[in-house]
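Student: Could we look at a protein model together and work through some questions about it?
Tutor: Gladly! Here it is.

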Amino acid sequence: MNSQQVTAQNNLDESIEKSINKILLQLTLEEKVAMCHAQSKFSTPGVPRLGIPEIWMSDGPHGVRGEINWDDWGYAGWTNDSITAFPALTCLAATFNPKLSKKYGVNVGEEARYRKKDVLLGPGVNIYRTPLNGRNFEYMGEDPYLSSKMVVPYIQGVQSNGVAACIKHYVLNNQEHWRDHINVEVSDRALHEIYLPAFKAAVQEGKVWSLMSAYNQYKGQYCSHNEKLNKILKEDWKFDGALITDWGATHNTKEAALYGLDIEMGTGTDGLTISTKNAYDYYYLANPFLELLKKGEIEESYLNDKVRRILRLMYRTTMNKNRQFGKANNQEHLDVAREIATEGIVLLKNENSFFPINDTKKITIAVIGENATRSMTIGGGSSELKAKNEISPLEGLKARYKNANIIHAMGYESGPSVYAKVLPATLDAEKLKKEAIEVASKADLVLFFGGLNKSHHQDCEGGDRQSYGLPFGQNELINEITNVNQNTSVILVSGNAVEMPWHNKVKAIMQTWYLGSEAGNAIADIISGDVNPSGKLPFSFPKKLEDNAAHSFGEISYPGDSINQIYKEGILVGYRWHDTKKIKPLFAFGEGLSYSSFKISEVKVNKKTFSKNDIIKVTCQVTNTGKYYGSEVVQIYVGKPKSKVNRAIKELKGFQKVFINKGNSKNIEITIKSSDLAFYDESISDWNIENGNYEIHVGNASNNIVSKLKIEVE
């Protein structure tokens, strides 16, 4: 914002605070307490006699969830609550494009506003610690810097509509197994360097208006009312919004009152997410809270702080008279969803230029796999969507390849997606496999659409994956297909890394995520070459599960002993672990191919010695040396040799996506603050910049560094 905009915003904020002070004087104790807890599954009450409206929330963050019943988890059966499904956040992270993140936020925020929602429950920025986490597809990968840079514009985009983003899940909810109670033990350094940065950026840079707590415990206290986490959030970071509990994550009235919980949702009378008559009156922050206030056991100032934050949230959303009306299911939203999807698809292997596939030849293409036709907007838990339209990969390919003979076989079946249980497949598995092999043998090339789906124990809330390999016999099926047709590619649909024992047998591998309404069109855009792939992996693909840091330390590290869990790998998460321990991944963080080729040259830094307040400027030239228009992501990592503390070999500190025509070059500059080279020093409980030599690594993937520069910080 410019100086005039800052002044106008400050005046508005001051006016709102004066209004809040007046309202607080008019509210009764009972009315204030009522504002601190739910009145239905997704709303909190207003104060009708004063004209204070309700707050309405909706699950997100990939789109606005279908309308839920007032008092249970059933769908309300509305006919006008279908929406645009945007790609999952793993796909957004893979774009490495903050400008696209802003577009995403603006458009999904418009849909939330059209549906009259005040709070969109997302985005999620929990760190990808294990490939078994069922909810990784909702998050932005393993690197805190990437997550931080991508989440801020998303928040700003959503909130430009007068809809609050709700950053989640604060904090350490990095698995679904035992999420409702597991006590996470983690070093202060890992907490501040790995797990908190994206939340901090959301609060301090994104100015997020609301935040959702995690289910799990930290230091023996639940995250919904955790003394240390509340201090970090509201004192250290100066968060001025409302802390909303995850549904059913409150456990203690006094702790909730004292340690920062502002709005309690989903509890029910027994601490679970079920309801009985008048259940909402018996929430921890309802009648039990009121009784403690009346007895003088809790000072009213704690209640007033909560109500002040809730009213502030209201003035920014439902009481904001200047917000627009929103839009839904328009062509612009579909175009943005398609753009994000195409930029996020990652080409991992492309032997002998298997892709792109020429659309002028009359070839036979075998499309095999359940994921070629399966809906991926339903299922997955709270992020499931009621999409107005969803183009399947098979539909997208048929629409694009008019000259080709496309033949399809299901190959395998997984059963329908339902929450919290696995429903068995009903078709004959051997027959499906036999049909697929026969179809493959008749084709010029095979596109195998496999991976995971949004069912329980896959990419779904409420449970983790039970193995690293592909389910439903896919590995065996891929092997048998390659025996009859060596011209085979695998297109993975998932939000997680998977084991690939068939890696050397297939010609090409593409990671396509859950892409939403325009999935099939976006995949066809990439396969045909209409769009040059430019996505980069936001997390590492280990060759085997034991190569992942969390799993290398045994069960106490993941999933824990059912009571406690110790993050023994500390700061060495993802590529930090692979680099430092010299464990080669199958595919590395930041990796992703293009149909073109790029050269990064003339890498320079603005000077050799920097003070702790300086800006480090790295410049380079990027040349498109290939045959296609495309884009490259220049990635800058920084390492500290001979550090006095244990460090990763290198850490991402800057990136820039650059679009270049074939044969052309562009000069780019990436800036890094010297202060961003600090580590969290547990001896002083604060950040500390170490003097001495640092190495700047410049490349286009964490495992492809083309230039190293040395600098000194003094």
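Tutor: Keep in mind that this model is predicted. Let's begin with Thr 482, which has 7% relative accessibility.

Student: Is Thr 482 buried or exposed?
Tutor: A residue counts as buried when its relative accessible area is under 20%. Thr 482 has 7% relative accessibility, so Thr 482 is buried.

Student: Which helix does Thr 482 lie in, and which backbone oxygen does its side chain reach?
Tutor: Thr 482 is part of helix α15, which covers residues 474–484. From there, the side chain of Thr 482 comes to 2.7 Å from a backbone oxygen, and that oxygen belongs to Asn 479.

Student: Which residues is Thr 482 in contact with, leaving aside its neighbours within four places in sequence?
Tutor: With those neighbours set aside, we look for heavy atoms within 4.5 Å. For Thr 482 the contacts are Thr 488, Lys 505 and Val 506.

Student: Now Asn 521, please. Is Asn 521 buried or exposed?
Tutor: Asn 521 sits in helix α16, residues 519–528. The cut-off for buried is under 20%. At 18% relative accessibility, Asn 521 therefore counts as buried.

Student: Which side chain makes a polar contact with the side chain of Asn 521?
Tutor: Not counting residues up to four places away in sequence, Asn 521 touches Arg 338, Ile 391 and Gly 396. The polar contact between side chains has a distance of 2.9 Å, and the partner of Asn 521 is Glu 518.

Student: What separates the C-alpha atoms of Asn 521 and Ala 341?
Tutor: Along the chain, these two residues are 180 residues apart. In space, their C-alpha atoms are separated by 9.2 Å.

Student: Where is Leu 261, and what is its relative accessible area?
Tutor: Leu 261 belongs to the loop between α9 (253–258) and α10 (287–294). Not counting residues up to four places away in sequence, Leu 261 touches several residues, including Ser 224, Leu 243, Ala 256 and Lys 306. Leu 261 is buried, and its relative accessible area is 0%.

Student: Why is helix α7 described as largely enclosed by the rest of the structure?
Tutor: Helix α7 spans residues 197–204. Among its buried residues are Pro 197, Phe 199 and Val 203, and what covers them includes α5, β4, α6, β6 and α8. The helix is largely enclosed because the buried residues number six of the eight.

Student: Which strands are at the edges of the open sheet of four strands?
Tutor: The order of the sheet is β8-β7-β5-β16, with mixed pairing. An edge strand pairs on one side only, and here the edge strands are β8 (221–222) and β16 (564–566).

Student: Which residue in β7 stands opposite Val 184?
Tutor: Strands β5 (residues 183–185) and β7 (residues 217–218) run parallel and are joined by two bridges. Opposite Val 184, in β7, stands Tyr 218.

Student: How many charged residues are in the lining of the largest cavity?
Tutor: The structure holds four cavities of 30 Å³ or more, and the largest has a volume of about 100 Å³. Of the 14 residues that line it, the closest to its centre are Val 638, Arg 647, Glu 651, Lys 653 and Leu 677. Helix α6 and strands β20 and β21 each supply at least two lining residues. By class, the lining has six nonpolar residues and one polar residue, while the charged residues number seven.

Notes. Residues are numbered from 1 along each chain as its sequence is written. This is a predicted model: local features need pLDDT of at least 70, side-chain atom pairs count only at pLDDT 80 or more; totals for chains, interfaces and linings use all residues. Side-chain values use heavy atoms; hydrogens and water are left out. On a 1 Å grid over the protein atoms alone, a cavity is a set of points where a 1.4 Å probe fits but cannot get out, and a pocket is an open set with protein on both sides within 12 Å along at least five of seven lines; lining residues have an atom within 4 Å of a point. Grid points are joined across faces, edges and corners, and a volume is the space filled by probe spheres set on the points. Ala, Val, Leu, Ile, Met, Phe, Trp, Tyr, Cys and Pro count as nonpolar, Asp, Glu, Lys and Arg as charged, and the others, Gly among them, as polar. Buried means under 20% relative accessible area, exposed over 50%, partly exposed in between (1.4 Å probe, protein chains only). A polar contact is a pair of N or O atoms within 3.5 Å; within protein, one must be able to donate a hydrogen and the other to accept it, and residues adjacent in sequence count only if both atoms are side-chain atoms. Two strands pair if DSSP finds at least two bridges between them.
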